[in-house]
Amino acid sequence: MKKFVILTASVCAMCLPAAQLARAGGDADLIISAESAAPAGVSKGAAVYAPQADGSMKTLREGSNGFWCMPDDPATPGPDPMCGDANAMEWAMAWIGKTEPPKGKTGFIYMLMGGPAQSNLDPFAIKPPEGSDWIMDRPHVMIVNFGDTLSAYPTKEEKPDTTRPYVMWGGTPYQHLMVPVQ
Ligand SMILES: [Cu+2]
């Protein structure tokens, strides 16, 4: 997870010409990007949403199977499309709105193309801390909103080992388990 904050905070057409061109590919390309995040059984019937620079969400396609997908965010390095379930969307909206996620609604998000993260500690970082690089996550699934039920993993690692499951944003309401699948 990593993208919405950037979209609302720092989209800059002048500094991202290549990314803007990619966006110019149109809705069909955005849907292809979004679908690449999950197995076809999930992504083909999923609703597809594209976060807009003003923080709103544009619906590119209505869904039929209860899942949703979002295309790569061109403002971050590397592809980072994602698909998730309904509970994961509630969790993401809580994160965006800085509110408490609903209790008892564990969800999951596929990111089979991997994706970058600004920080493993701060849910609202808009860039990596001074002297650090982006955390480039390999293809993974994220388990979100699991409350205090996953105590087997270290929760406050600045530089996690991304080859094994680890907790991102541990100790915050937005902590989630990152589970690499490759
Ligand atoms: Cu992720």
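**Notebook: helix 3, helix 5 and the core**

I started with helix 3, where Leu30, Ser33, Ala34 and Glu35 are the buried ones. Buried here takes 20 or more other C-beta atoms within 10 Å of the residue's own, exposed takes 12 or fewer, partly exposed is in between, and C-beta atoms are placed from the backbone. Helices (H or I, at least four residues) and strands (E, at least two) are DSSP runs, numbered from the N terminus.

Note on the source: this is a predicted model, where local features need pLDDT of at least 70, side-chain atom pairs count only at pLDDT 80 or more, and totals for chains, interfaces and linings use all residues. Residues are numbered from 1 along each chain as its sequence is written.

Next I looked up what covers those helix 3 residues: the cover includes helix 4 (40-43), strand 1, strand 2 (57-61) and strand 3.

Ser43 sits in helix 4. I have Ser43 down as buried because it has 24 C-beta neighbours inside 10 Å. Skipping neighbours within four places in sequence, Ser43 is in contact (C-beta atoms, placed from the backbone, within 7 Å) with Glu35, Ala37, Ala38, Cys69 and Cys83. I also checked Ser43 against Trp68: they are 25 residues apart along the chain, with C-alpha atoms separated by 7.4 Å.

Cys83 was my next stop. With neighbours within four places in sequence left out, its contacts include Ala37, Val42, Ser43, Phe67, Ile109 and Tyr110.

Then the largest nonpolar core, meaning a set of buried Ala, Val, Leu, Ile, Met, Phe, Trp, Tyr and Cys residues joined through C-beta atoms within 7 Å. It has 33 residues, and Ala37, Cys69, Met82, Cys83, Ile109 and Tyr110 touch the most other members. Elements giving two or more residues to this core include helix 3 (27-35), strand 1 (47-51), strand 3 (68-70) and strand 9 (166-168). Helix 5 gives the most, with four residues.

So to helix 5. Which of its residues are buried? I got Ala88, Trp91, Ala92 and Trp95. Down the helix axis, the buried residues fall within an arc of 100° (directions from the axis to the C-beta atoms), so they line one face. They pack against strand 4 (82-84), strand 5 (107-111) and strand 8 (140-144). On the other side of helix 5, Ala86 and Gly97 are exposed. Lys98 follows helix 5 and has a positive phi, near 55°.

Last, the whole protein chain: I count five helices and ten strands, and buried residues make up 34% of the 182 residues.

Terms used:
Two residues are in contact if their C-beta atoms, placed from the backbone, lie within 7 Å.
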